[in-house]
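Reader: I would like to go through this model part by part, with the reasoning set out for each answer. Could we begin once the structure is on display?

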2 protein chains.
Amino acid sequence: MGNKNITIGLFGFGCVGQGLYDVLNHSQGLKATIEKICVKDKNKKRKIDATFFTYDREEILKRDNLNVIVELIDNADEAFSIVKDAMNNGVSVVTANKKMLAENFKELYELQEKNNVALIYEGSAGGSIPIIRNLEEYYDNELLSSVKGILNGTCNYILTRMELENKDYGDVLKDAQLNGFAESDPWLDVAGFDTKFKTLLLTVHAFGIVLTPDDIFNTGIQNVSYDDILYAKQRGLRIKMLGVSQKVGDKFRAYSIPHFVDRESELFNVLYEYNAVEVEGAFSCKQTFVGKGAGSHPTGSAVLSDISALTYDYKYAYKKLKKALSGNNKIEDGIKQIEYDFPIKLYIRFQNREELKDLEILSIEEEYKSTNTNYIIANVNFNSLFNIFNKRENKLFICAI
Amino acid sequence: MGNKNITIGLFGFGCVGQGLYDVLNHSQGLKATIEKICVKDKNKKRKIDATFFTYDREEILKRDNLNVIVELIDNADEAFSIVKDAMNNGVSVVTANKKMLAENFKELYELQEKNNVALIYEGSAGGSIPIIRNLEEYYDNELLSSVKGILNGTCNYILTRMELENKDYGDVLKDAQLNGFAESDPWLDVAGFDTKFKTLLLTVHAFGIVLTPDDIFNTGIQNVSYDDILYAKQRGLRIKMLGVSQKVGDKFRAYSIPHFVDRESELFNVLYEYNAVEVEGAFSCKQTFVGKGAGSHPTGSAVLSDISALTYDYKYAYKKLKKALSGNNKIEDGIKQIEYDFPIKLYIRFQNREELKDLEILSIEEEYKSTNTNYIIANVNFNSLFNIFNKRENKLFICAI
């Protein structure tokens, strides 16, 4: 186990970038320094010396005394371009950009293989929870059956406050935006995209299956109302936005959907911006990891832990994926292992019946109508959910039971 | 990252040994085989072929085609002798024997250094929870402030059943022994020794401090009564047997004592044989790991994960301990960092006041007397707890608040 000096070129100095800077300054014994930081906005006041900053990405990418690029910018396309260039230059990369990773996973995996460089991203799923490395290292020979969890801090923060403060979605969202717990455009978070990107990454490390974001259905809490919170409350349940990746028989299922969870679940008491991941294996049984899912320092500390791992040349071994790719199998074949044609039991709140027309409803177990709200509890063909996929005009609130 | 073939010599074929055998048989892609198993009892019927077994330890220790010894026997002294011999022969060892590790940590650490062999022991603390490797790898540059948890499945199983089934300690213990959740001599478990051994190991990997078992005060649930359970219940609390290792100011504290925990705590809902560990860091904030703490397959899977790590020559780097040993510091100096002279707030149930005479009580906040039971809530000098340490005749039930 070596103890390399790490010289970092950092892209982005937002929330996580500044968190990393703080954490790095307080960490003991790690031989890592930030040499240069590339940012966009020339006029923004920053709390550290101006000589650290550059506005030209090439100044970092072309510097040859840097051995790690840490990419922490918002824009996934720009991030991809930076990460690609760095890897093609033979430099290892640490990132927390789940959107960029999910949208380009196949290419990013191939770039690692081609250039023999590390791309590690613990901060991209579960915030401070060390889930990716645990799936990769600790559970590598476990017959895992399921990985699921509360992966998005914004959704959990909103759901928690709605329930505990008896408030409407819109009010809590506005407040969350003011407090830094929701983005000004919250769509990717609240509609379950962010949860899905993370689910995609967990699926790679748990099962060795690479999907694209379009392969994974997502719906979120964008249409949740206080009625739904109340429905759950009266039954001793809570609504939690979950990413699910699981093995059922010989097939796998992956989706990002709100779920009712009961008091017995370890997820029930995971509140506000906390995240949690439940891992089920044939032998280790159920394990739960809980920790802060968002925020400058928790994510910064996950990124730091990746940097620290690079001091001893750590790389993901992708053992399960490599096993899946043995023989003539291609990365694209992973999708063949995914099952779409199965019944899923859902609570669906709607305004008028017309809204349900695109769903293949197999059976209705309960139906409730009132002047305020209507809902059904129904078994729906999962496949038909894709008919309402990513349509902002759709006003259904869907919650798995 | 290599992919060595592992040929295992196994000592012990009890609960965990058989669990390992099962898990290994079902694991995919791991190049590890059990070559020979050393057991004691020649007459016991075993579920696998007799040719696997030997009754002579030298037959395993002297075999030169084995590259890993897995030690899973009960007797800590015999285990130590086996592990020492194996390491001196240059063979890596996997063990789950927390008593052996705790009692001989200094020597075992030095043997690793001297012989440049691995000694890994994920199964020794937290059962299936990957806590040691996470402390070692993931939190290596975190400013950790506290590691504490429910580390003993037997205690948690008994406490859970007493509360949920309104039963007395003696009845539940008897039942636990019948069900395999408690040993025929349960003292090491119920009196908090097992929790202490694990706390000692967590203290090494969290803070780089090596203690001996006598340095860590322990008391357990050996004297718990249904009155105590009721006291907790009426206040919305639960009693949990905790191992605690924490930094307070410049000093550290380590002990193994029952605690009241409230509904807000992640530990509250950890029931029966489940274990949980809470890690607090300056930047990652609070993280909780929950999983099965005991049992054949969960512990077997932790042992398997260690074996798997040996395929790429994994060793604990002991970064924090190595840092502590820089300069002229010796392992024995670790104790200097531990604080004993501080007030701790305790609930103490007693029969007559005489029993409290050895405790230095600083102040009493509450006092309750009845024909059945008496208790005080008091601030006690922690140091004075050692006066009642490991005395089976002591009938106090002590619980931290």
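Reader: Into which domains is chain A divided?

Author: This is a predicted model, and the division below comes from a domain assignment. Two of the domains are each built from two stretches of the chain, written as 6-131 + 297-324 and 133-294 + 332-338, while another covers 340-401. Chain A is thus divided into domain 1 (6-131 + 297-324), domain 2 (133-294 + 332-338) and domain 3 (340-401).

Reader: What distance separates the centres of domain 1 of chain A and domain 3 of chain A?

Author: The centres are taken over C-alpha atoms, for domain 1 of chain A and for domain 3 of chain A. Computed in this way, the separation of the two centres is 41 Å.

Reader: Which element gives the most to the side of chain A that touches chain B?

Author: In the contact between the chains, 41 residues of chain A meet 40 residues of chain B. Elements that each supply at least two residues to the side of chain A are helix H1 (15-26), helix H6 (131-138), strand E12 (285-292), helix H12 (296-310) and helix H13 (319-324). This side of chain A divides into 15 nonpolar, 18 polar and eight charged residues. With eight residues, the element that gives the most is E12(A).

Reader: Which residue of E12(B) does Val290(A) stand opposite, and in what sense do E12(A) and E12(B) run?

Author: Three bridges join E12(A) to strand E12 (residues 285-292) of chain B, and the two strands run antiparallel. Within E12(B), the residue opposite Val290(A) is Thr288(B).

Reader: Which are the edge strands of the open sheet in chain B?

Author: The open sheet has six strands in the order E3-E2-E1-E4-E5-E6 (chain B), with parallel pairing. At one end, strand E2 (residues 32-38) of chain B pairs with E3(B) over two bridges in the parallel sense, and Ile37(B) stands opposite Phe53(B) there. An edge strand pairs on one side only, and the edge strands here are strand E3 (53-54) and strand E6 (119-120) of chain B.

Reader: Why are H7(A) and H8(A) described as oblique to each other?

Author: The axes of helix H7 (residues 153-165) of chain A and helix H8 (residues 169-178) of chain A come within 9 Å, and they cross at roughly 130 degrees. H7(A) passes H8(A) in a right-handed crossing, with a contact whose residues include Tyr157(A) and Ile158(A) of H7(A) and Val172(A) and Leu173(A) of H8(A). The residues of this contact divide into seven nonpolar, one polar and one charged. Angles over 145 degrees count as roughly antiparallel and those of 65 to 115 as roughly perpendicular, and the two helices are therefore oblique.

Conventions:
Residues are numbered from 1 along each chain as its sequence is written. Chains are lettered from A and ligands numbered from 1 in the order in which they are written. This is a predicted model: local features need pLDDT of at least 70, side-chain atom pairs count only at pLDDT 80 or more; totals for chains, interfaces and linings use all residues. Two residues are in contact if their C-beta atoms, placed from the backbone, lie within 7 Å. Helices (H or I, at least four residues) and strands (E, at least two) are DSSP runs, numbered from the N terminus. Ala, Val, Leu, Ile, Met, Phe, Trp, Tyr, Cys and Pro count as nonpolar, Asp, Glu, Lys and Arg as charged, and the others, Gly among them, as polar. Two strands pair if DSSP finds at least two bridges between them. Axes are lines fitted to C-alpha atoms, for helices over the stretch in contact, and angles run from 0 to 180 degrees between N-to-C directions. Angles under 35 degrees count as roughly parallel, over 145 as roughly antiparallel, 65 to 115 as roughly perpendicular and the rest as oblique. A crossing is left-handed if the near helix is turned anticlockwise from the far one by less than a right angle, and right-handed if clockwise.
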